[in-house]
Amino acid sequence: MNKKSLLSLLLFAASTVVSFATVHIMGLLTSDKWVGVSTAIPMFIFMFIVLLIISKMIEKFAKPARYVTLAVNAIADGMAISSLFMHFGRFPAIWQTALSAAGLIGLFALYLAITYIPFARKHYVISMTIYALMIIGAISAWCGTATQATKAMSVLTILYLIIFVAFFIPLADDAHCAEEHIKTVTYFSFAGLIVAVIVLAIMSDGGDLPLDGLACVDGSGSSKKRNPYAYAPYDYAAFAAMTSVTNPKYSDRPPFPPQL
């Protein structure tokens with residue numbers, strides 16, 4: 001498995017586990033249904049502002065700030081979702097939550113196996129779109145036909161599909177290295193704010209649940225020839241030419257990759 005794809009899987013898995021654990025922890029900490037979602041929304045906004053400030057003004061702290069943001073956003077996801085189940089008056093069983101998490105992580109991992117198919121690598125936009133729509137359709141159908149015993153579990157799963165898609169889209173970004181990829185994933189993780197807004201809208205409206213073969217990577221070639229699920233190569237020739245123009249004192253040195 002490509003390092004970039006593996007990193008995406010690990011980040012999504014960690015976020016899912018933290019979020020789902022937070023759902024049940026919030027059920028133990030408070031019985032007020034408004035606490036979770038009313039805290040989660042300011043958390044998302046605060047972390048977004050802090051991340052922007054640090055990234056622009058204190059660049060050396062940008063890396064740890066991204067990891068902290070991913071963790072805080074995952075917690076905020078769980079807090080927002082917990083409010084929904086408090087509103088409904090029923091949480092999914094812990095084993096159901098674990099099963100839902102395992103299923104979502106498994107679906108994410110399944111696509112990583114599909115990326116080794118030449119068609120999925122060459123036509124990655126089409127492949128990813130079809131896969132995402134199939135997952136959304138299947139889980140939506142399950143949610144609509146779920147029994148009373150599995151209704152809460154199905155709602156949890158379909159709501160968390162927003163986070164699934166948010167982590168899924170950056171799979172094919174143009175990141176050259178792990179840090180660039182994590183930066184993209186971090187900003188996409190703010191999709192959890194959408195989850196919080198949906199939860200708030202449902203609660204405010206008084207809604208209820210009826211609970212009764214690998215191609216070689218060519219940095220100078222077209223985007224269709226590259227492996228979108230692996231880090232993009234640097235164009236060393238272009239970088240060297242740029243360096244010679246902007247920094248004449250380096251013009252007589254051999255080209256080298258940028259230090260990250």
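# Salt bridges and helices

User: The side chain of Lys4 meets which residue's side chain in a salt bridge?

Analyst: This is a predicted model, in which local features need pLDDT of at least 70, side-chain atom pairs count only at pLDDT 80 or more, and totals for chains, interfaces and linings use all residues. Residues are numbered from 1 along each chain as its sequence is written, and side-chain values use heavy atoms, leaving out hydrogens and water. A salt bridge is a side-chain nitrogen of Lys or Arg within 4 Å of a carboxyl oxygen of Asp or Glu. For Lys4 the N to O distance is 2.9 Å, and the partner is Asp173.

User: How many residues apart are Asp173 and Lys4?

Analyst: Lys4 belongs to helix α1 (residues 3-29), while Asp173 sits in the loop between α7 (151-168) and α8. Helices here are DSSP runs (H or I, at least four residues), as strands are (E, at least two), numbered from the N terminus. The salt bridge links distant parts of the chain, and its two residues are 169 residues apart.

User: Do Asp173 and Lys4 count as buried or exposed?

Analyst: Buried means under 20% relative accessible area, exposed over 50%, and partly exposed in between (1.4 Å probe, protein chains only). Asp173 has 11% relative accessibility and therefore falls under the cut-off. Lys4 is at 1%, so this residue is also buried. For Asp173 and for Lys4 the class is buried.

User: How many salt bridges does the structure hold?

Analyst: Besides the bridge between Asp173 and Lys4, Lys63 forms one with Glu179. Arg66 and Glu179 also meet in a salt bridge. The total for the structure is 3.

User: How far apart are the closest N and O atoms of Lys63 and Glu179, which form a salt bridge?

Analyst: Lys63 is partly exposed because its relative accessible area is 44%. Glu179 is partly exposed as well, because its relative accessibility is 25%. The closest N and O atoms of Lys63 and Glu179 are separated by 3.9 Å.

User: Which helices hold Lys63 and Glu179?

Analyst: The two residues are 116 residues apart in sequence, so their salt bridge ties together separate parts of the chain. Lys63 lies in α3, and Glu179 lies in α8.

User: What is the N to O distance in the salt bridge of Arg66 and Glu179?

Analyst: Arg66 counts as buried because its relative accessibility is 12%. Its side chain meets that of Glu179 at an N to O distance of 3.7 Å.

User: How many residues apart in sequence are Arg66 and Glu179?

Analyst: Arg66 is in helix α3 and Glu179 is in helix α8, so this bridge too ties the two helices together. The separation in sequence is 113 residues.

User: Which residues do salt bridges with shared partners join into one network?

Analyst: Glu179 is bridged to Lys63, and Glu179 is also bridged to Arg66. Through shared partners, the network joins Lys63, Arg66 and Glu179.

User: How many helices and strands are there in the protein?

Analyst: From the N terminus on, the order of elements is α-α-α-α-α-α-α-α-α-α. The count is 10 helices and 0 strands.

User: How far apart are the end C-alpha atoms of α3?

Analyst: The expected span of a helix is 1.5 Å times one less than its number of residues. With 27 residues, α3 should therefore span 39 Å. The model agrees, since the end C-alpha atoms are apart by 39 Å.

User: How many of the 27 residues of α3 are buried?

Analyst: Phe85 lies in α3, and its relative accessibility is 0%, so Phe85 is one of the buried residues. Helix α3 is largely enclosed by the rest of the structure, because its buried residues number 21.

User: Which residue follows α3 with a positive phi?

Analyst: The phi angle in question is near 85°. The residue is Gly89.

User: What distance separates the C-alpha atoms of Phe85 and His24?

Analyst: Along the chain, Phe85 and His24 are 61 residues apart. Their C-alpha atoms are separated by 9.8 Å.

User: What distance separates the C-alpha atoms of Met153 and Cys143?

Analyst: Met153 lies in helix α7 and is buried because its relative accessibility is 7%. Cys143 is 10 residues away along the chain, and the C-alpha separation is 8.6 Å.

User: What share of the 260 residues in the protein is buried?

Analyst: Individual residues vary: Phe61, in the loop between α2 (33-57) and α3 (62-88), is partly exposed because its relative accessible area is 44%. Over the protein, the buried share is 43%.
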